[in-house]
Amino acid sequence: MSLSIKIDTSFIVPLFQYLSEPSKESLVGITTHNAAIKTHAHALRFLNTKAGITPFWKGILAQLSKDENLVEHVKSALTYLHSQTDKFNDLLMDLWNYMPEGTNLRSVLYAMLGYDIGIVSEGMALINLGHPEFKRNPDEILFISMHELHHVVYTAYNPLIDFNQVHRTHQLCDAIRYCTHMEGLAVYSTLEQRRSAKALDSRDYKLFLDSRARKKRVSEFFDILAELETRDDSPLDTTDWEIIDRMSGKDRLWYVTGAHMAQVIETSLGRDQLNETIRLGPDYFFKTYHESI
């Protein structure tokens, strides 16, 4: 059981070149880089853009150019990442404990800028080294990397959802169950390592470890899902799409609830059974949780 990772920071070079001296050549160097292609694919899949890859990256670059401290910040993040190889490898080996038996994968962790804090796309993980969270706490570079690398494992068994294919109520329910399973397991997989490092300041862990806040969010999550599941299967409207914002926004409903479900399953049935839910998918995860409470 293993996950082998190559860290690739080469995408930062053409990004810095363009920010220093914009040109068609440096833009081509960006848009043809695998990290750029994977990031754009994620944005399309999650309805964050309808633009082609060139206008997509030109928009990101326009925003990055407004940050006078970006280069200094990113150089510090790169120095930190390259200096923490041993700690990265220790965390990665611990992550192996949260994979189904027989997992044997190779992937890449790309450094990128300007899009989210971290993502998984087409079997690869990407982390935004310019994100302000990493300036506040560089250790989050490693922990967010582990979060996204767990997604690499998850999506190897469960192909990444495409919100372009979500049109009806039952498809929205499936999407919520998928994201709750994927995100919840990723949150839960680094909990003990975060405890050891006293790295529990991120909102997901504050909410998860506050019993009252957790209970409130778990209850709200299942109320929303139950309401959707008992509806007629009809086309989605604007209000339905707002549910996704409630799930993934400041209340972090599917992150906290998914981590809670993971903990209940592990406590009741053991980690092997929890890991097996990755192989068997979101519906099995929810079924196993309800049988464990």
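Biologist: Which residue forms a salt bridge with Arg 194?

Modeller: This is a predicted model. Arg 194 lies in helix α10 (residues 191-197). In its salt bridge, the closest N and O atoms are 2.8 Å apart. The partner is Glu 140.

Biologist: How many residues apart in sequence are the parts that Arg 194 and Glu 140 tie together?

Modeller: Glu 140 belongs to helix α8 (residues 139-157), while Arg 194 belongs to helix α10. Both Arg 194 and Glu 140 are buried. The pair therefore links parts separated in sequence by 54 residues.

Biologist: Is Arg 246 buried or partly exposed?

Modeller: Arg 246 forms a salt bridge with Glu 220, with the closest N and O atoms 3.1 Å apart. Glu 220 sits in helix α12 (residues 211-229) and Arg 246 in helix α13 (residues 238-248), so the pair ties together parts 26 residues apart in sequence. Buried would need under 20% relative accessible area. Arg 246 has 42%, so the class is partly exposed.

Biologist: Which residues do salt bridges that share partners join into one network?

Modeller: A search of the whole structure gives 18 salt bridges. Some share partners and form one network. Its members are Asp 174, Arg 177, Glu 229 and Asp 283.

Biologist: Why are Glu 133 and Arg 136 separated by about one helical turn?

Modeller: The two form a salt bridge, the closest N and O atoms being 2.4 Å apart. Both lie in helix α7 (residues 132-136). The separation is about one turn because their spacing in that helix is three residues.

Biologist: Is Ile 117 buried or exposed?

Modeller: Ile 117 lies in the loop between β2 and β3. Its contacts include Ile 127, His 131, Glu 133 and Phe 134. Its relative accessibility is 18%, and the cut-off for buried is under 20%. So Ile 117 is buried.

Biologist: Which strands are the edge strands of the sheet?

Modeller: Four strands make an open sheet with mixed pairing, in the order β1-β2-β4-β3. An edge strand here pairs on one side only. That gives β1 (2-8) and β3 (118-121).

Biologist: Which residue in β4 stands opposite Ile 119?

Modeller: β3 pairs with β4 (residues 124-128) in the antiparallel sense, over four bridges. Opposite Ile 119 stands Leu 126.

Biologist: What angle does the direction of helix α6 make with that of β1?

Modeller: Helix α6 (residues 85-95) packs on the sheet. It touches β1 and β2 (104-112). Its direction and that of β1 make an angle of about 145 degrees.

Conventions:
Residues are numbered from 1 along each chain as its sequence is written. This is a predicted model: local features need pLDDT of at least 70, side-chain atom pairs count only at pLDDT 80 or more; totals for chains, interfaces and linings use all residues. Side-chain values use heavy atoms; hydrogens and water are left out. Two strands pair if DSSP finds at least two bridges between them. Helices (H or I, at least four residues) and strands (E, at least two) are DSSP runs, numbered from the N terminus. Contact means heavy atoms within 4.5 Å. Axes are lines fitted to C-alpha atoms, for helices over the stretch in contact, and angles run from 0 to 180 degrees between N-to-C directions. Buried means under 20% relative accessible area, exposed over 50%, partly exposed in between (1.4 Å probe, protein chains only). A salt bridge is a side-chain nitrogen of Lys or Arg within 4 Å of a carboxyl oxygen of Asp or Glu. Lists of a residue's contacts leave out its neighbours within four places in sequence.
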